[in-house]
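Work through the exercises below with the sequence and the 3D view open. Each task is followed by a solution in steps.

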Amino acid sequence: MLTKLIFLRCAHDSGYNCIVVTDACGAFEQVQADYFEKHILHHFGEGCTTSELLNTL
C-alpha cells in the first residue's frame, strides 16, 4: 500500500490527473484497501473499477 501511495502522490504532485483502478490494487487485508479508498484516495485523485474503466475506453 505504501508503494501505491508514493507513486500516486508523485504523479499528483507532477500535475497528473490520477485515477486508481480500485479493484485491481493489492492490499494485505481488505481493511487496508477500504481505508485507502475512504481516507486517502480523494486527496490525490479518484477511483474507479475495472468495469468503469473499460466502459470509458
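The exercises concern a predicted model.

**Exercise 1. The nonpolar core**

Identify the residues of the largest nonpolar core and state which element gives the largest share.

Solution.
- Step 1: The largest nonpolar core consists of 7 residues, namely Leu8, Cys18, Val20, Phe36, Ile40, Leu41 and Phe44.
- Step 2: Two elements, β1 (18-21) and α2 (30-44), each give two or more residues to this core.
- Step 3: The largest share, 4 residues, comes from α2.
- Step 4: As a general background, nonpolar side chains in soluble globular proteins tend to be buried together.

**Exercise 2. Thr22**

Locate Thr22, decide whether Thr22 is buried or exposed, and list what Thr22 touches beyond four places in sequence.

Solution.
- Step 1: Thr22 sits in the loop between β1 and α2.
- Step 2: The relative accessible area of Thr22 is 17%. Buried means under 20%, so Thr22 is buried.
- Step 3: Leaving out residues up to four places away in sequence, Thr22 touches Glu37, Leu41, Gly47, Cys48 and Thr49. One of these, Leu41, is also a member of the largest nonpolar core.

**Exercise 3. A salt bridge**

Find the salt bridge of the structure and describe the accessibility of Arg9 and Asp13.

Solution.
- Step 1: The structure holds 1 salt bridge. Arg9 pairs with Asp13, and their closest N and O atoms are 3.5 Å apart.
- Step 2: Both Arg9 and Asp13 belong to helix α1 (residues 2-13), where they are 4 residues apart, about one turn of the helix.
- Step 3: Arg9 has a relative accessible area of 47% and is therefore partly exposed. Asp13 has 53% relative accessibility, so Asp13 counts as exposed, the cut-off being over 50%.

**Exercise 4. Gln32**

Place Gln32 in the fold and find which backbone atom its side chain reaches.

Solution.
- Step 1: Gln32 lies in helix α2 and, at 27% relative accessibility, counts as partly exposed.
- Step 2: The Gln32 side chain reaches the backbone nitrogen of Phe28 at 2.8 Å.
- Step 3: Gln32 and Tyr16 are 16 residues apart along the chain, and their C-alpha atoms are separated by 24 Å.

**Exercise 5. A nonpolar surface patch**

Name the residues that make the nonpolar surface patch of about 330 Å², and classify Leu54.

Solution.
- Step 1: The patch is made by Leu53, Leu54 and Leu57.
- Step 2: Leu54 is part of helix α3 (residues 50-56).
- Step 3: Leu54 has 56% relative accessibility and so counts as exposed.

Methods: Residues are numbered from 1 along each chain as its sequence is written. This is a predicted model: local features need pLDDT of at least 70, side-chain atom pairs count only at pLDDT 80 or more; totals for chains, interfaces and linings use all residues. Side-chain values use heavy atoms; hydrogens and water are left out. A nonpolar core is a set of buried Ala, Val, Leu, Ile, Met, Phe, Trp, Tyr and Cys residues joined through side-chain atoms within 4.5 Å. Buried means under 20% relative accessible area, exposed over 50%, partly exposed in between (1.4 Å probe, protein chains only). Contact means heavy atoms within 4.5 Å. Patches are made of residues with over 30% relative accessible area and no salt bridge: like charges are joined within 9 Å, nonpolar side chains (Val, Leu, Ile, Met, Phe, Trp, Tyr) within 5 Å. Accessible areas come from the Shrake-Rupley method with a 1.4 Å probe; for residues, only the protein chains shown count as cover. A salt bridge is a side-chain nitrogen of Lys or Arg within 4 Å of a carboxyl oxygen of Asp or Glu. A polar contact is a pair of N or O atoms within 3.5 Å; within protein, one must be able to donate a hydrogen and the other to accept it, and residues adjacent in sequence count only if both atoms are side-chain atoms.
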